[in-house]
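Subject: Handing over the structure, with notes

Dear colleague,

I am passing on the structure we spoke about, so that you can open it beside this message. My notes follow it, and I suggest keeping the view on screen as you read.

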Amino acid sequence: MLYDIRQTTRYTYASPVPFARQVLRLLPVARAGQRVIAADLVITPEPTERQDGLDFFGNWITTVAFAFPHEALTLETRARVAVDAEQAIDDETTPGWEQIRRLAVAETDLGPLSPVHFLFASRVIAIDDAIGAYAAASFPAGRPILAAAFDLTRRIKADFAYDPEATDVTTLPGEAFAARAGVCQDFAHVMIAGLRTLGLPAAYVSGFLRTLPPPGQPRLEGADATHAWVAVWCGRAIGWIGLDPTNGVIAAEDHVVLALGRDYSDAAPVDGIIVTSGDHQLDVEVDVVAVQGYDAG
């Protein structure tokens with residue numbers, strides 16, 4: 001599937017900002033099953049400094065600094081990305097989850113996608129016994145890893161309310177779990193906390209969703225902004241599989257990866273510091289539109 005992606009992020013400040021330094025993760029990169037045909041990020045006003053490159057996890061990061069007063073900031077992403085159709089995997093034939101737990105801790109690879117980076121508590125996600133107990137209901141002895149993880153995905157979709165007013169960007173997984181409410185970031189964090197508490201590697205993924213679903217299919221939650229889901233390691237042979245607990249589905253052609261990491265702090269679209277004496281308003285507009293007539297073959 002070929003997509004044209006347009007995202008506009010606007011910050012309007014209550015008073016002029018004399019200085020800011022920010023890290024932006026707003027451009028997709030080529031990954032397994034995903035090709036970037038073209039991508040550009042236009043920043044208004046033009047920053048005093050700009051550096052572009054890749055971080056440890058392979059995310060494209062743009063570091064900018066503004067050494068002059070400005071009352072607004074606009075970040076415009078334009079990209080054309082091809083997402084290959086996922087090969088169907090019979091989740092019941094994947095390795096048992098206990099085997100994956102043993103393989104993960106014995107893994108000697110320390111590359112960016114090694115499971116060892118995604119096994120332990122991170123900046124935002126703690127090992128949580130309550131969430132672990134909730135997740136354990138999907139992981140009886142011997143159950144295949146993908147079947148168990150997908151069951152957890154669907155349970156979170158069923159048990160949690162999608163409510164943008166229930167949480168904010170600083171909400172911790174334990175708080176969202178107690179409230180059984182939140183948005184895609186919260187659901188991903190809760191699922192990751194549960195998996196890691198069981199000793200299973202899980203990564204946080206941010207990206208985009210198709211804005212307009214195929215005819216006859218429901219519109220997915222989170223399509224109006226950057227989305228978040230989970231990647232679960234299923235062993236070297238299978239690798240990482242994306243699961244979307246907000247919508248209760250396997251991440252496939254509808255999902256375009258923007259960044260990944262151990263939690264939101266590794267994949268936040270915009271991070272950094274600003275010097276200001278007032279509040280700000282944030283507006284985000286996202287369109288992910290399938291290009292008609294595209295033939296992946």
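To begin with a question you can try on screen: does D266 count as buried or exposed? Before the answer, please bear in mind that this is a predicted model, and that the values below are computed from it. D266 counts as buried, because its relative accessibility is 12%, and the cut-off for buried is under 20%.

Salt bridges

D266 does not stand alone, since its side chain meets that of R262 in a salt bridge, with 2.8 Å from N to O. R262, for its part, is partly exposed, because its relative accessible area is 34%. This pair belongs to a wider group, as the structure holds 10 salt bridges, and two others deserve a look.

One of them joins D254 and R210, whose side chains meet at 2.5 Å, N to O. D254 lies in the loop between strand 12 (249-250) and strand 13 (255-261), while R210 lies in the loop between strand 9 (202-209) and strand 10 (227-233), so the pair ties together parts that are 44 residues apart in sequence. R210 counts as buried, given a relative accessibility of 11%.

Another links R50 with D52, where the closest N and O atoms are 3.0 Å apart. R50 counts as partly exposed at 36% relative accessibility, and D52 also counts as partly exposed, at 38%.

Helix 2 and its two sides

Which residues of helix 2 (residues 129-136) are buried? They are I131, G132, Y134 and A135. When you look down the axis of helix 2, these buried residues fall within an arc of 160 degrees, so they line one face of the helix. That face is where the packing takes place, for the buried residues of helix 2 pack against helix 3 (145-159), helix 4 (173-179) and helix 5 (184-197). On the other side of helix 2, D129 and A133 are exposed. The N-terminal end of helix 2 is capped by D128, which places a side-chain oxygen 3.0 Å from the backbone nitrogen of A130.

Two loop residues can be read together with this helix. L198 is found in the loop between helix 5 and strand 9, and it is buried, with a relative accessible area of 14%. Leaving aside neighbours within four places in sequence, L198 is in contact with W97, R101, G132, A135, A136 and F139, and G132 and A135 are among the buried residues of helix 2 named above. S122 sits in the loop between helix 1 (97-106) and helix 2, and S122 is buried as well, with a relative accessible area of 17%. Not counting residues up to four places away in sequence, S122 touches R196, R262 and D263, so that R262, already met as the salt-bridge partner of D266, appears here again.

A buried residue in strand 13

V256 has its place in strand 13 and counts as buried, with 0% relative accessibility. Its contacts, apart from neighbours within four places in sequence, are Y3, I5, Q34, V81, V83, S206, G207, F208 and W229. Y3 is a helpful example to find on screen, because sequence distance and spatial distance can be read side by side for it: V256, buried at 0% relative accessibility, and Y3 are 253 residues apart in sequence and 8.8 Å apart in space, C-alpha to C-alpha.

The surface, and two backbone details

At the surface, F19, I273 and V275 make a nonpolar patch of about 250 Å². I273 lies in strand 14 (residues 270-275) and counts as exposed, at 53% relative accessibility. V275 can also be set against L198 from the loop described earlier, as the two are 77 residues apart in sequence and 41 Å apart in space, C-alpha to C-alpha.

Two points concern the backbone itself. The peptide bond from T44 to P45 is cis, with omega near 0 degrees, and P45 lies in the loop between strand 3 (34-44) and strand 4 (49-54). R180, although not a glycine, has a positive phi of about 50 degrees; R180 is found in the loop between helix 4 and strand 8 (181-182) and is partly exposed, with a relative accessible area of 31%.

With best wishes

Key. Residues numbered from 1 in each chain as written. Predicted model: local features only at pLDDT ≥ 70, side-chain atom pairs only at ≥ 80, totals over all residues. Heavy atoms only, no water. Patch = residues over 30% accessible without salt bridge, like charges linked within 9 Å, V, L, I, M, F, W, Y side chains within 5 Å. Areas by Shrake-Rupley, 256 points an atom, 1.4 Å probe, with all protein chains shown as cover. Salt bridge = Lys/Arg side-chain N within 4 Å of Asp/Glu carboxyl O. Helix = DSSP H or I, 4+ residues; strand = E, 2+ residues; numbered from the N terminus. Buried < 20%, exposed > 50% of the residue type's maximum accessible area, 1.4 Å probe, protein only. Arc of directions from axis to C-beta. Contact = heavy atoms within 4.5 Å. Polar contact = N/O pair within 3.5 Å; in protein donor to acceptor, adjacent residues only side chain to side chain.
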